[in-house]
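I opened this entry to note what I looked up, beginning with charged pairs and then turning to nonpolar residues.

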Amino acid sequence: ALPIFSNKNLYMYFQVYIAETAEPNLRSILIGALYVSYSLGILIVYSLGSALHWRMVAWCACILPICASIAIFLIPETPAWLLRNNKQAKAQKALTFLRGSEIIARKEINDMSERLSKERASTRTSENIFQFCTERCAIKPLFIVIVFSILQMLSGSFIVIFYAIDIIADFGADVDTKSAAIWTAVVRMLCSLTFCVILLFVRRRRILTISSIGSGLSCLILSLYMYARLGLPKSNMDALIAAGCLFAYIAFNTAIMVLPGIMIGELFPARIRGRTAGGVFAALNVSLFAMRVGRATTGDRV
């Protein structure tokens with residue numbers, strides 16, 4: 001449980017860090033690149049699991065989180081946090097490290113300081129996160145992202161991904177579960193790479209619409225096919241059709257998995273971006289926990 005908890009915290013930390021430090025035109029693609037790394041890690045673990053004992057895989061999986069934990073101490077604090085705590089010299093030094101140019105960093109720090117002064121002038125009371133979250137400029141994006149994350153869980157995104165191999169195996173065909181797991185990881189990684197490129201050219205709402213329709217149609221086709229084949233002898237063709245539908249679902253669903261982090265970076269006001277991200281991820285994990293408990297209670301796989 002501790003490695004899973006630490007890994008979730010690292011993933012959330014880097015999403016918030018990118019949201020507060022990246023330039024606006026690169027913010028979305030960098031947040032999307034985190035999911036590429038996440039997918040690559042799953043592929044590596046599945047590949048190792050097909051050749052090594054699970055205990056050895058568990059030991060190998062400790063290497064990268066340890067390296068990431070060490071790397072955190074080598075990167076500077078976010079300039080936005082430093083400015084809000086009256087550490088302008090450290091903020092400029094950190095931004096110079098991140099941008100690679102002192103001139104660009106100085107100009108950006110001046111702009112950030114000016115925005116911060118206007119925010120403080122327009123705020124009558126002290127900077128209280130709960131008061132900020134009740135303001136109109138914050139409550140709408142906060143509501144959108146939390147509801148989106150909860151609906152993402154309730155729509156079965158993680159359930160289908162976690163139990164895709166079990167769904168294929170339920171068709172009664174001889175399935176190499178290790179190879180099937182690796183192929184699902186390959187599809188997820190390639191689609192996440194493609195999604196990062198698409199982010200540069202396509203609007204977010206259009207991406208979400210296409211992804212939602214594609215995911216829904218994939219599940220609908222699979223459900224209708226399973227209903228039509230109910231009670232009939234299973235064959236390898238049934239397993240191939242199930243695998244095709246599930247791979248299509250994973251491909252379309254990739255965008256839905258990445259969008260909560262992108263929404264945090266693009267919708268939230270800068271002054272509450274870092275402090276409310278934890279609440280969003282908490283809502284997401286609570287929804288995931290509820291789905292796991294529901295499955296354990298009912299005994300159903302999907």
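**Salt bridges**

I started with Asp111 and Lys107, whose side chains meet in a salt bridge at 3.5 Å, N to O. The model I am reading is predicted. I checked where the two residues sit: Asp111 and Lys107 are 4 residues apart in helix H7, so about one helical turn separates them. I then looked up their exposure. Lys107 is exposed, with a relative accessible area of 55%, while Asp111 is partly exposed at 32%.

I asked how many salt bridges the structure holds. The count is 3.

I went on to Glu102 and Arg106, which form another salt bridge, with 3.0 Å between the closest N and O atoms. Both residues lie in helix H7, which covers residues 102-122, and they are 4 residues apart, about one turn of the helix. Glu102 has a relative accessible area of 46% and is partly exposed. Arg106, at 36%, also counts as partly exposed.

I also noted the salt bridge between the side chains of Glu108 and Arg99, at 2.9 Å, N to O. Is Arg99 buried or exposed? I found a relative accessible area of 19% for Arg99; the cut-off for buried is under 20%, so Arg99 is buried. Its partner Glu108 is partly exposed, at 24% relative accessibility.

**Nonpolar cores**

I turned to the interior next. The largest nonpolar core has 26 residues, and Val145, Phe195, Ile262, Ile264, Phe268 and Val280 have the most contacts inside it. I looked up which helices supply at least two residues of this core each. They are H2 (24-49), H9 (136-154), H14 (236-267) and H15 (273-298). H14 gives the largest share of this core, with 8 residues. I recorded another core lying apart from it, made up of 11 residues, including Val160, Leu222, Ala239 and Ala242.

**Nonpolar surface patch**

Last, I looked at the surface. Phe143, Ile144, Val147, Ile150, Leu151, Leu154 and Leu267 form a nonpolar patch there, and their accessible area together is about 630 Å². Which helix gives the most to the nonpolar patch? I found that H9 does, with 6 residues. I took Ile150 as one member to check: Ile150 is in helix H9, and its relative accessible area is 31%, which makes it partly exposed. A patch residue needs over 30% relative accessible area, so Ile150 at 31% meets that cut-off.

Notes: Residues numbered from 1 in each chain as written. Predicted model: local features only at pLDDT ≥ 70, side-chain atom pairs only at ≥ 80, totals over all residues. Heavy atoms only, no water. Core = buried A, V, L, I, M, F, W, Y, C linked by side-chain atoms within 4.5 Å. Buried < 20%, exposed > 50% of the residue type's maximum accessible area, 1.4 Å probe, protein only. Patch = residues over 30% accessible without salt bridge, like charges linked within 9 Å, V, L, I, M, F, W, Y side chains within 5 Å. Areas by Shrake-Rupley, 256 points an atom, 1.4 Å probe, with all protein chains shown as cover. Salt bridge = Lys/Arg side-chain N within 4 Å of Asp/Glu carboxyl O.
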